[in-house]
Amino acid sequence: MTSVSQRDSFTGKYGFIAAAAGSAIGLGNIWKFPYITGVYGGSAFIIVYLICILLIGLPVMLSEITVGRRAQKGGFGAYKNLAPGTPWFFSGYMGIAAAFLILSFYGVVAGWTMEYVVKALTGAFSGKTPDEIGAMFGGFIGQTAKPIFWQIGFMSLTCFIVIAGIKNGIERYSKILMPVLLVILFFLCARSVTLDGAAKGFEFLFKPDFSKLSSEAVLAALGHAFFSLSLGMGTLVTYGSYVKKNESLGPLAVHITTADTIIALLAGIAIFPAVFAFGIEPAAGPGLVFVTLPNVFQQMPFGSFFCVLFFFLLAIAALTSSISILEVVVTHLVEDFRVSRKTATIVTTLVITLFGIPCSLSFGVMSEFKFLGANFFDNVDHIASNFLLPLGGLCISLFVGWKMARKDVEDELSNGGTLGTGYLTIFLFLAKIVAPIAITAVFLHGLNII
Ligand code: TRP
């Protein structure tokens with residue numbers, strides 16, 4: 001028996017992939033990726049995003065899983081365990097802050113998807129023009145009580161599942177439903193690309209114009225690589241701590257990254273041809289998916305049925321992500337402060353939900369409340385995604401690249417010499433040199449310093 005027996009562990013490889021992919025695949029892929037791609041001008045942004053995924057996201061992901069499994073702890077405890085008496089664990093505080101901020105607005109958007117399940121069920125979209133569907137969305141998020149009601153509903157569900165614990169909670173929900181979401185996405189793509197006027201959407205997606213790419217866009221692409229892969233917060237450190245020692249981590253990281261990226265690209269292909277076909281503004285912002293897809297469903301056989309199912313599964317995808325965010329904070333409180341799991345989960349959920357309320361109101365009564373040139377919602381997202389997550393990623397890659405001994409990294413990846421690690425040198429090169437330099441450069445560029 002290894003030390004893993006002291007902790008819950010995922011049952012087999014599929015359990016971990018399902019849970020990690022469940023964390024990674026969420027609103028980030030289907031809501032945020034298309035919307036920021038629209039805001040930052042399309043194809044060139046996507047190319048920068050893909051480069052960030054490959055050169056930064058992938059090595060950071062492998063770093064997180066490796067550190068978690070080595071230490072058998074969550075984000076915080078892992079640093080304390082592997083480098084006792086050093087300040088590395090401070091990076092854990094950034095992870096906690098990021099988890100707070102991200103979950104606060106994530107719960108709001110997840111609440112929107114729940115309202116959309118009900119709207120679709122009651123046939124609210126049928127016979128409506130694209131303009132009417134757009135107005136319906138604006139009318140909904142502009143209200144005070146209704147979006148907050150759904151946000152609280154969603155956060156309560158998240159809380160409930162996290163209390164249930166890792167195996168029963170996380171694994172069971174993510175395994176079955178994600179493949180169904182993938183199938184619907186395929187249908188959506190097929191319908192969207194065959195709409196009249198879809199060609200402009202292709203151009204937007206696949207014909208890069210780098211002259212339109214701002215330094216802010218590059219920073220957003222980097223931030224979104226972290227957001228979408230669930231990196232920089234300690235989520236995958238925690239999940240890594242539950243992976244059995246005889247699993248090979250390199251291929252796991254590649255699988256999760258590939259799945260996440262494919263889903264985001266599919267969402268892009270499902271949305272942009274339709275955006276142009278229906279004359280929707282690509283830079284419409286956070287509502288893009290909600291104003292575009294109901295139109296596509298209207299043009300599909302059994303569209304209302306698929307529309308209900310789609311928003312339902314999107315809410316589930318959001319749930320498997322939100323539990324992984326809440327888990328970061330809960331694991332910290334349970335492991336480092338010896339608070340009971342139930343208390344930790346309930347208190348954290350309450351605080352995050354409260355903080356989410358001004359995020360929700362950013363589209364209504366607080367829409368005039370702006371700082372740093374944006375509303376509350378955008379600022380929370382921006383600070384967490386574009387600063388805290390990449391900083392967390394910088395720390396973990398430096399930690400694996402420079403602080404841990406190469407032989408320890410090798411020992412962990414090869415399970416004491418029993419698994420192949422042909423990728424070790426390139427991984428360490430990326431973690432040690434490429435990722436840290438790239439993250440720093442994008443930061444400085446984003447701040448207009450270089
Ligand atoms: N990756 C998720 C998404 O794309 C969101 C998420 C879950 C996340 N866990 C995270 C983002 C940890 C950053 C860090 O929707």
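A polar contact here is a pair of N or O atoms within 3.5 Å. Keep that cut-off in mind for the first stops. The model on your screen is predicted.

**Stop 1: the ligand and its polar contacts**

Select the ligand, then Phe 227. A nitrogen atom of the ligand lies 2.7 Å from a backbone N or O atom of Phe 227. Step along to Ser 228. Here a backbone N or O atom is 3.1 Å from a nitrogen atom of the ligand. Now pick Ala 24. One of its polar backbone atoms is 2.9 Å from an oxygen atom of the ligand. How much of the ligand's accessible area does the protein cover? It covers 100% of the 360 Å² that the ligand has on its own.

**Stop 2: the shell around the ligand**

Show the residues around the ligand. There are 17 of them. The nearest are Ala 24, Gly 28, Tyr 106, Phe 227 and Ser 230. Colour the shell by class. You get eight nonpolar residues, nine polar ones and no charged ones.

Next, ask where the ligand sits. Its space is the second largest cavity. Now colour by helix. Four elements give two or more residues to the shell around the ligand: helix H1 (12–24), helix H2 (27–39), helix H10 (215–229) and helix H14 (303–337).

**Stop 3: the second largest cavity**

Stay here, but hide the ligand and look at the space itself. The second largest cavity holds about 150 Å³. Its lining counts 17 residues. Select Ser 23, Ile 102, Phe 227, Ser 230 and Ile 325, which lie nearest its centre. Which elements each supply at least two residues of this lining? They are H1, H2, H5, H10 and H14. By class, the lining has nine nonpolar, eight polar and no charged residues.

**Stop 4: the largest cavity**

Zoom out. The whole structure has three cavities of 30 Å³ or more. Move to the largest, with a volume of about 170 Å³. It is lined by 22 residues. Click Gly 75, Phe 76, Gly 92, Met 233 and Gly 234, the closest to its centre.

Then bring up the elements that give this lining two or more residues. They are helix H4 (75–82), helix H5 (90–121), helix H11 (235–240), H14 and helix H16 (376–403). H14 gives the largest share, five residues. Colour the lining of the largest cavity by class: seven residues are nonpolar, twelve are polar and three are charged.

**Stop 5: the largest pocket**

Leave the cavities. The last stop is the largest pocket, with about 550 Å³ of space. Select Tyr 40, Glu 216, Asp 378, His 382 and Asn 386. These lie nearest the centre of the pocket, among its 27 lining residues.

H2, H10 and H16 each give two or more residues to the pocket lining. Which element gives the largest share? It is H16, with eight residues. Finish with the classes. The lining of the largest pocket has twelve nonpolar, eleven polar and four charged residues.

**Before you close the viewer**

Go back to the ligand once more. Select Phe 227 again. Phe 227 is one of the residues that come nearest the ligand. It is also among those nearest the centre of the second largest cavity. Ser 230 is on both lists too.

Terms used:
Residues numbered from 1 in each chain as written. Predicted model: local features only at pLDDT ≥ 70, side-chain atom pairs only at ≥ 80, totals over all residues. Heavy atoms only, no water. Near = heavy atom within 4 Å. Polar contact = N/O pair within 3.5 Å; in protein donor to acceptor, adjacent residues only side chain to side chain. Areas by Shrake-Rupley, 256 points an atom, 1.4 Å probe, with all protein chains shown as cover. 1 Å grid on protein atoms, 1.4 Å probe; cavity = no way out; pocket = protein on both sides within 12 Å on 5 of 7 lines; lining within 4 Å. Sits in = over half its atoms within 2 Å of the grid points. Nonpolar A, V, L, I, M, F, W, Y, C, P; charged D, E, K, R; others polar. Points joined across faces, edges and corners; volume = space filled by probe spheres on them.
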